[in-house]
Amino acid sequence: MAWDFETDPEYQRKLDWAAEFVRTEVEPLDLLYPNPYDRSNTEAMALMAPLKEQVKQQGLWACHLGPELGGPGFGQMKLALLNEVLGTSVWAPSVFGCQAPDSGNAEILAHYGTAEQKAEYLEPLLAGEIGSCYVMTEPTGGSDPTLFKTRAVRDGDHWVINGEKWFNSNAQFASFHIVMVVTDPEVSPYQGMSMFIVPADTPGVELVKNFHVHGFSEHEGHLRFTDVRVPADHLLGAEGAGFVVAQTRLGGGRVHHAMRTVALVRKAFDMMCERAVSRQMRKGPLAGLQMTQERIADSWIEMEQFRLLVLRTAWLIDKEQDYRKVRKDIAAIKVAMPKVMHDIAQRALHLHGALGVSQDLPFVDMMNYAEVMGLADGPSEVHKITLAKEVLKNYTPGDPVYPSGYRPALREQAREHLAQRLEHIVGNL
């Protein structure tokens, strides 16, 4: 038997250190500097630098990366447990070197980048010296790639990009973009799209607008590309392999979102419980009311179910070493995530009364975060379809309608089977 629900003592000590470190040293940054992506804020960057060094001394820097890229190569299971700590703070991922979208972009560069691309973009990205942006969705299409219009056309030693992209995280502060565009409109988008590295200061790259999303520190950029000339050696991976490259980051990204959501769900739950035992009513604390008890019981069950599903998915990824083999499980946590987050945050909000809807408490932001998680990296509806298809692959068609007397027929089959077994037993006496 290999089932085990305990963390090994050595890693638990690291998690305990991280929890105390985030609570005492990192969370104060959340209160004073709401945006960890703005590297022009020299005061905030100066405060963060020694914190990053402490994380590196503990061996917890960039834990999503292998030793060849400067990380410990923990695997998804250990990452899940660490992210349960980091997810409570806006700044913690940056302090620990695993902030989105840079973490996913680093994985793409590590897997598909040339030696020159890694030297110019990956190394400073891993060092935290620059930021990046992943550019995929468009005003005409989000989850449907057949509606993507942004084109890249080969012109000698360059590709020329034209089109518009929007809701691109961290576009405002990125030094470079990883852009997915159509390079062959005559074939399926799954074979006709490619990925390019586009420096942010390339002529023709325009930040049209920043969308502010409530509850999120980074803004979502609307980018316009007008005759943007990119050297041919800035193609990332093979021409036409854009979707293959994209899945390298999207599979892991969905799991990491879920991991950090576990932390936010726990935070909302803890605040709910603290409110329940401290708020005094006429006949005692709020916790004495059955409606409150029901909300807490429902929330605890949903939280623990979700956490175990996330951990099991992380374990499967470590076991299979192939996101494609864990598609069903990744889709399941992606669908479960926004509902669990929304429902528990809403219950916590209601127990806090009018104060719960104010900016002094995080519940409204948490509920909006839940809605974003229902859209980011593919909407819940798409992942439900994926989940259902993966589940149904293991079933073969039978009679379209069970015949009358279905249960009696089964009982008769069972009776015949047991009679044969009994005859065999008696014959051997």
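**Exercise 1.** Classify R224 by its relative accessible area, and do the same for E206.

*Solution.* Begin with the classes: buried is under 20% relative accessible area, exposed is over 50%, and partly exposed lies in between, with a 1.4 Å probe and protein chains only. The relative accessible area of R224 is 27%, so R224 is partly exposed. For E206 the value is 36%, and E206 likewise counts as partly exposed.

The model is predicted, and therefore local features need pLDDT of at least 70 and side-chain atom pairs count only at pLDDT 80 or more, whereas totals for chains, interfaces and linings use all residues. Residues are numbered from 1 along each chain as its sequence is written, and side-chain values use heavy atoms, with hydrogens and water left out.

**Exercise 2.** What kind of interaction do the side chains of E206 and R224 form, and which elements does the pair tie together?

*Solution.* First, apply the criterion: a salt bridge requires a side-chain nitrogen of Lys or Arg within 4 Å of a carboxyl oxygen of Asp or Glu. The N to O distance between E206 and R224 is 3.5 Å, and the two side chains meet in a salt bridge. Next, locate the partners: E206 lies in strand β6 (residues 205-211) and R224 in strand β7 (residues 220-231), so the pair ties together parts that are 18 residues apart in sequence. Strands here are DSSP runs of E with at least two residues, helices are runs of H or I with at least four residues, and both are numbered from the N terminus.

**Exercise 3.** How many salt bridges does the rule yield, and where do the partners of the E84 and R307 pair lie?

*Solution.* The count is 16 salt bridges. One of them joins the side chains of E84 and R307 at 2.7 Å, N to O. E84 belongs to helix α3 (residues 76-86) and R307 to helix α9 (residues 290-320), so this contact ties together parts 223 residues apart in sequence.

**Exercise 4.** Analyse the salt bridge between R266 and E304, then name the residues joined with E164 into one network.

*Solution.* The closest N and O atoms of R266 and E304 are 3.0 Å apart. The pair links distant parts of the chain, with R266 in helix α8 (residues 242-278) and E304 in helix α9, 38 residues apart. R266 is partly exposed at 31%, whereas E304 counts as buried at 16% relative accessibility. Turning to the network, salt bridges with shared partners join E164, E206 and R224.

**Exercise 5.** In which sense does β7 pair with β3 and with β6?

*Solution.* Two strands pair if DSSP finds at least two bridges between them. Strand β3 (residues 158-169) pairs with β7 in the antiparallel sense over 9 bridges; H158 has P231 of β7 as its bridge partner. The pairing of β6 with β7 is also antiparallel, over 6 bridges, and here F211 is matched with E220.

**Exercise 6.** Describe the packing of helices α10 and α11.

*Solution.* Axes are lines fitted to C-alpha atoms, for helices over the stretch in contact, and angles between N-to-C directions run from 0 to 180 degrees. Helix α10 (residues 327-351) and helix α11 (residues 363-373) pack at about 165°, their axes being 8 Å apart. This makes the two helices roughly antiparallel, a class defined by angles over 145 degrees, while under 35 is roughly parallel, 65 to 115 roughly perpendicular and the rest oblique. Residues of α10 that meet α11 include M337, M341 and L349. H342 lies in α10 and touches M367, A370 and E371, not counting residues up to four places away in sequence; contact means heavy atoms within 4.5 Å.

**Exercise 7.** Which backbone features mark the A100 to P101 bond, N170 and D227?

*Solution.* Most residues other than glycine have a negative phi, and most peptide bonds are trans. The bond from A100 to P101 is cis, with omega near 0°, and P101 is in the loop between α4 (92-95) and α5 (102-112). N170 has a positive phi near 70°; it sits in the loop between β3 and β4 (176-182) and is buried at 1%. D227, in strand β7, has a positive phi of about 50°. Finally, D102 lies in α5, is buried at 3%, and has N170 among its contacts beyond four places in sequence.
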